[in-house]
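Colleague: Could you take me through this model with some questions and answers? Please explain each term when it comes up.

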Amino acid sequence: MSKGQVELVNVSKFFAGQTAVDQVSLTIDSGSYCCFLGPSGCGKSTTLRLIAGHESLSEGRILIDGTDISGRPPAQRGTSMMFQHYALFPHLNCSDNVSFALKLKKQPKQAREQSAQELLKMVHMADYRHRMPEQLSGGQQQRVALARALQTEPSVLLLDEPLSALDPFLRVAMRSELRRLQRELGITFIHVTHSQEEALALADQIVIMQDGKLVRSGTAREVYHQPQNAFVARFIGGHNVLQGTVTEVSETSVSLLTSDGFTIKTPPSAKVQPDQQRAFSIRTDQVTLAAEQQQLNTENVLPATLIDSEYQGSHLSLSFDLPASDEPFTALVPDSTDLIIPRPGERVWLGWNHQHSSLLDLPTVS
């Protein structure tokens, strides 16, 4: 049976009268990969440090496998933390860095070296065991730091933005390594990141925070396809957010009237009533465009003016000005030789079908 179920119960943290974490309640399944995602200052790293015991709780409880560990020191929680800047000891080689915790426990040198060798092999660093940290690349230092964090055999591994210092190519490679290790070890990984792409690629569970609050938790697919509120739709990426007044509610769809007089349909919802002002999102990769409205074979259409286009290899990112929105509207269009892109300032029509939009629970968040 895997271990490492983490439960936060009404967890709060205050600093000098300011609320950093605000009444967060959450369950993270044992043996899962969980990513905390959100903008700077949202409380995600503070939450990680509360789980680790590097910050004390102001309110609430933290449980691991049903045991309240809120008052325990870090070494007695069954957790281990890999810090953003790795924090390797510069005067110790890779092997001694990894085995340092065992040295503190006064284990024999041969046992320490054997354990370090096994862990370094796991992260593909066995051949570098005698090198000093300054002789390693950023990615190699990260692997050593990861091996050291695993030395104590934690049931929960905490990772504070572990990929942020790496170049984009290496970041993708190390992403795969982290996921491989998590599956092989079967322990819970809790990973803090700013990167939506990173969270979507890695996580069994994504937790999105805003202003110290938990605003969305679910699988990567759930969070992406059902963002539930405007902040999440914008932050997770891939969505445009508009507003309208609900005019009709049926078993198959909800109709909303935009400020420029166009009716938009979204999937049905039991939480909506006529005459409500509601936000809704549209998938950027499901938008089509045409020079004339009648050329679109979609349920929803809106007029737009092209602001700019950006070539991104397999597709183009087109930015539009819409009368119904105060912010640019984005469409991701697959690149092809017969694709005709309008010029900036030209008027076009945008279209999409109702299943590629989501009615949002909360009004637009600035």
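Colleague: Leaving aside neighbours within four places in sequence, which residues is Q140 in contact with?

Modeller: This is a predicted model, where local features need pLDDT of at least 70 and side-chain atom pairs count only at pLDDT 80 or more, while totals for chains, interfaces and linings use all residues. Residues are numbered from 1 along each chain as its sequence is written, and side-chain values use heavy atoms, with hydrogens and water left out. Contact means heavy atoms within 4.5 Å. With neighbours within four places set aside, the contacts of Q140 are M125, Y128 and Q135.

Colleague: Is Q140 buried or exposed?

Modeller: Q140 is placed in helix 5; helices are DSSP runs of H or I with at least four residues, strands are runs of E with at least two, and both are numbered from the N terminus. Buried means under 20% relative accessible area, exposed means over 50%, and partly exposed is in between, with a 1.4 Å probe and protein chains only. Q140 has a relative accessible area of 17%, so Q140 is buried.

Colleague: Which helix gives the most to the largest nonpolar core?

Modeller: A nonpolar core is a set of buried Ala, Val, Leu, Ile, Met, Phe, Trp, Tyr and Cys residues joined through side-chain atoms within 4.5 Å. The largest one has 40 residues, and those with the most contacts inside it are V144, L146, L157, I206 and I208. Six residues of this core come from the helix that gives the most, spanning residues 138-150: helix 5.

Colleague: How many residues are in the other core, the one with V11 and M209?

Modeller: In the largest core, L157 is among the residues with the most contacts. Leaving aside neighbours within four places in sequence, L157 is in contact with S80, L146, A149, L150, I187, T188, F189 and I190. Another core lies apart from the largest one, includes V11, I62, I64 and M209, and its residue count is 25.

Colleague: Why is C35 not bonded to the closest cysteine sulfur?

Modeller: A disulfide is a pair of cysteine sulfur atoms within 2.5 Å, and the structure holds zero of them. C34 is in no disulfide, and C34 is buried at a relative accessible area of 0%; C35 also counts as buried, at 0%. The closest cysteine sulfur to that of C35 belongs to C34 and is too far for a bond, because the distance is 6.8 Å.

Colleague: How many residues apart in sequence are the parts that K213 and D22 tie together?

Modeller: A salt bridge is a side-chain nitrogen of Lys or Arg within 4 Å of a carboxyl oxygen of Asp or Glu, and the structure holds nine. One of them joins K213 and D22, at 2.6 Å from N to O. K213 lies in strand 10 (residues 213-218) and D22 in strand 2 (residues 18-28), so the separation in sequence is 191 residues. K213 is partly exposed at 42% relative accessibility and D22 is partly exposed at 23%, and the parts that the pair ties together are apart by 191 residues.

Colleague: Is R283 buried or exposed?

Modeller: The side chains of R283 and D285 meet in a salt bridge of 2.9 Å, N to O. D285 is partly exposed, with a relative accessible area of 33%. R283 has a relative accessibility of 14%, so R283 counts as buried.

Colleague: Which are the edge strands of the open sheet with the order 15-19-16-17-18?

Modeller: Two strands pair if DSSP finds at least two bridges between them. The open sheet has five strands in that order, with antiparallel pairing. Each edge strand pairs on one side only, and the edges are strand 15 and strand 18 (329-334).

Colleague: In strand 19, what is the bridge partner of A290?

Modeller: Strand 19 (residues 347-352) has five of its six residues buried. Strand 16 (residues 300-311) pairs with strand 19 over six bridges in the antiparallel sense, and there T305 stands opposite R347. Strand 15 (residues 288-290) runs antiparallel to strand 19 and is joined to it by three bridges. L289 has L350 as its bridge partner, and the partner of A290 is W349.
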